[in-house]
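User: I'm new to reading protein models, and I'd like to learn how the labels get decided. Can we go through some together?
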Amino acid sequence: MTSSPQPAWPITSVLTTLSEEAPPTVPQPTQVTTLLVEIPPGGRGLPPHRHSGPVFGYMLEGEMKFELEGEPERVLRAGEAFWEPGGDLIHYQDANNLQDATTRFVVVMLSVPGAQMVTFVDADELERRRDRRAPRPA
């Protein structure tokens, strides 16, 4: 059995796991892009879209309405992590849930180098896949 070497100084950092996922696929080769996303008060975010690879995110400020195909809409708040597997799955919304504050979050996106990371979904496809969307809140 091997052990790790002793650290050079006392460890004072606190490591907290925010998310731990096993993506179904990771593009090869992989390009990693990190973005800061800022949505103004009441902003609708991006129209329905999909990502070519997995996306991992962390909420810095505010609240985001978050909805992936097959999952109910939920509200993510500052300090929460989120992810989506990418691929064929539609990301319906990432709107700011607040009317009086900006929402900010960081995303780390994995894709094939040169591939489009965000592809918008047209109205015809949304209609064809309507049965895959979770029921809307009343």
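Analyst: Sure, let's start with a pair: Glu67 and Arg133 form a salt bridge, with their closest N and O atoms 2.8 Å apart. They join distant parts of the chain, as Glu67 is in strand S4 and Arg133 is in the segment after helix H1 (123–128), 66 residues apart. Helices (H or I, at least four residues) and strands (E, at least two) are DSSP runs, numbered from the N terminus. By the way, this is a predicted model: local features need pLDDT of at least 70, side-chain atom pairs count only at pLDDT 80 or more, and totals for chains, interfaces and linings use all residues. Residues are numbered from 1 along each chain as its sequence is written, and side-chain values use heavy atoms, with hydrogens and water left out.

User: What makes Glu67 and Arg133 a salt bridge?

Analyst: The rule asks for a side-chain nitrogen of Lys or Arg within 4 Å of a carboxyl oxygen of Asp or Glu. Arg133 and Glu67 have their closest N and O atoms 2.8 Å apart, so the pair passes.

User: Why is Glu67 called buried?

Analyst: Buried means under 20% relative accessible area, exposed means over 50%, and partly exposed is in between (1.4 Å probe, protein chains only). Glu67 has 1%, so it's buried. Its partner Arg133 comes in at 30%, so that one is partly exposed.

User: How do you know that Arg50 and Asp88 form a salt bridge?

Analyst: Same check: their closest N and O atoms are 3.4 Å apart, so they meet the cut-off too. This pair also links distant parts of the chain, with Arg50 in strand S2 and Asp88 in the loop between S6 and S7, 38 residues apart. Arg50 has 14% relative accessibility, so it counts as buried, while Asp88, at 46%, is partly exposed.

User: Which residues are linked in a network of salt bridges?

Analyst: Arg50, Glu69, Asp88, Glu125, Arg129 and Arg132 are. One of the pairs here is Arg129 with Glu125, whose closest N and O atoms are 3.4 Å apart, and both of these residues are buried. The full count by this rule is eleven salt bridges.

User: What makes a lining residue of the largest pocket nonpolar, polar or charged?

Analyst: Ala, Val, Leu, Ile, Met, Phe, Trp, Tyr, Cys and Pro count as nonpolar, Asp, Glu, Lys and Arg as charged, and the others, Gly among them, as polar. Sorted that way, the lining has twelve nonpolar, four polar and two charged residues.
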